[in-house]
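Okay, thanks everyone for squeezing me in. I'd like to walk through the empty spaces in this protein and what sits in them, so have a look at the structure first.

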Amino acid sequence: MNIMAINGSPRKNNNTATLLGKTLEGAQANGAETELVHLYDLNYKGCTSCFACKRKEGKSYGKCAWRDDLTPILQKIEQADAIIMGSPIYLCDVTGQMHAFLERLVFPYLTYTEAHKSIFGRTIKTGFIYTMNVTAQRMEERGFRPTLSWIEAYLQNTFGHCEALFAYDTYQFDNYDKYVVTIFDEQLKAQVRDTQFPKDCDSAFTMGQRFAEKAL
Ligand SMILES: Cc1cc2nc3c(=O)[nH]c(=O)nc-3n(C[C@H](O)[C@H](O)[C@H](O)COP(=O)(O)O)c2cc1C
């Protein structure tokens, strides 16, 4: 069992990376081999609309033909038993790097045929972890949950499975005193960090354990 985690945060040791690390700890506890990829270490573009992945009898049919640092990662995903992605919310969506990654991951497998039939060829587990400053209620009020649901729908369609995990009201700065912040109360943030975030870590750990249990 080989499980890959993809970190869409520029920060390697903060909320998103911590939760992804917990999923991999859970997976390792159940015997899986794991790898964590930091997208911000890689030099790559989103889909360039070359359509080589859709060309009739093309040698790259169903595969991304663009060559850059993402190429070996996409090749490894072809063999993976599960993928767990994570991203902070930036401007009510996933980060630009994560979005570019998703374009390159999903679009080659998505066919322009009825129901966008996937040509990935296997069913594997996928997970998506979102971390954000706002509370669950504020996410609904701001109306960006449906945007995120589309990501899960594309992953479900492509790989046959997707589940999401949300970490709200995250602690953003190492020291709130250093920054101009009037809309967040540091003490309330610290309380969430000390009480809720450990529970989110537990949920991430059990997600990793479940993902490593058996292939779909
Ligand atoms: C450029 C930028 C845009 C952000 N936009 C949002 C947003 O729209 N909604 C939100 O809830 N949090 C937003 N945040 C906060 C992050 O999503 C939050 O701090 C997240 O947990 C950071 O993840 P990390 O610790 O893994 O980097 C933004 C942060 C940055 C740097």
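Let's start with the walls of the largest pocket: by class, the lining is 10 nonpolar, 9 polar and 4 charged residues. Before I go on, please keep in mind that this is a predicted model. The volume of that largest pocket comes out at about 550 Å³. Its lining runs to 23 residues, and the ones that lie nearest the centre are Ile89, Met132, Asn133, Val134 and Gln172.

Which elements supply at least two residues each to that lining? Those are H1, E3 and helix H4, the last covering 136-142. E3 gives the most, with 3 residues.

Now, the ligand. Where does the ligand sit? It's in the largest pocket, the one I've just been describing. There are 16 residues around the ligand, and Arg11, Thr16, Ile89, Thr131 and Thr170 come nearest. So Ile89 turns up twice: it is among the residues nearest the ligand, and it is also among those nearest the centre of the pocket.

Let me go through the polar contacts. Arg11 has a side-chain N or O atom 2.8 Å from an oxygen atom of the ligand. Thr170 also uses its side chain, with an N or O atom 2.7 Å from a ligand oxygen. With Ile89 it's the backbone: a polar backbone atom there is 2.6 Å from an oxygen atom of the ligand. As for how covered the ligand is, taken alone it exposes 650 Å², and the protein buries 81% of that.

If you sort the shell around the ligand by class, you get 7 nonpolar, 8 polar and 1 charged residues. Helix H1, at 15-29, and strand E3, at 82-90, each supply at least two residues of that shell. E3 gives the most here as well, with 3 residues. If you're following along on the screen, E3 is worth colouring, as it gives the most both to the shell around the ligand and to the lining of the largest pocket.

Next, the second largest pocket. Its volume is about 260 Å³. The residues lining it include Asp93, His99, Glu103, Phe107, Trp150 and Tyr154. Two elements give two or more residues to this lining, helix H3 (96-106) and helix H5 (145-159). Which of the elements gives the most? That's H5, with 5 residues. By class, this lining divides into 8 nonpolar, 2 polar and 2 charged.

Last stop, the closed space. The count comes to 1 cavity of 30 Å³ or more, and the largest cavity has a volume of about 100 Å³. Its lining has 15 residues, and nearest the centre you find Cys47, Cys50, Cys53, Cys64 and Phe107. Phe107 may sound familiar, since it also lines the second largest pocket. By class, the cavity lining has 10 nonpolar, 2 polar and 3 charged residues.

To recap, the ligand sits in the largest pocket, with Arg11, Ile89 and Thr170 each placing a polar atom by a ligand oxygen. Then there's the second pocket, with H5 giving the most to its lining, and the cavity with four of those cysteines, Cys47, Cys50, Cys53 and Cys64, among the residues nearest its centre. That's me done, happy to take questions.

Notes: Residues are numbered from 1 along each chain as its sequence is written. This is a predicted model: local features need pLDDT of at least 70, side-chain atom pairs count only at pLDDT 80 or more; totals for chains, interfaces and linings use all residues. Side-chain values use heavy atoms; hydrogens and water are left out. A residue is near a molecule or strand if one of its heavy atoms lies within 4 Å of it. A polar contact is a pair of N or O atoms within 3.5 Å; within protein, one must be able to donate a hydrogen and the other to accept it, and residues adjacent in sequence count only if both atoms are side-chain atoms. Accessible areas come from the Shrake-Rupley method with a 1.4 Å probe; for residues, only the protein chains shown count as cover. On a 1 Å grid over the protein atoms alone, a cavity is a set of points where a 1.4 Å probe fits but cannot get out, and a pocket is an open set with protein on both sides within 12 Å along at least five of seven lines; lining residues have an atom within 4 Å of a point. A molecule sits in a cavity or pocket if more than half of its atoms lie within 2 Å of its grid points. Helices (H or I, at least four residues) and strands (E, at least two) are DSSP runs, numbered from the N terminus. Ala, Val, Leu, Ile, Met, Phe, Trp, Tyr, Cys and Pro count as nonpolar, Asp, Glu, Lys and Arg as charged, and the others, Gly among them, as polar. Grid points are joined across faces, edges and corners, and a volume is the space filled by probe spheres set on the points.
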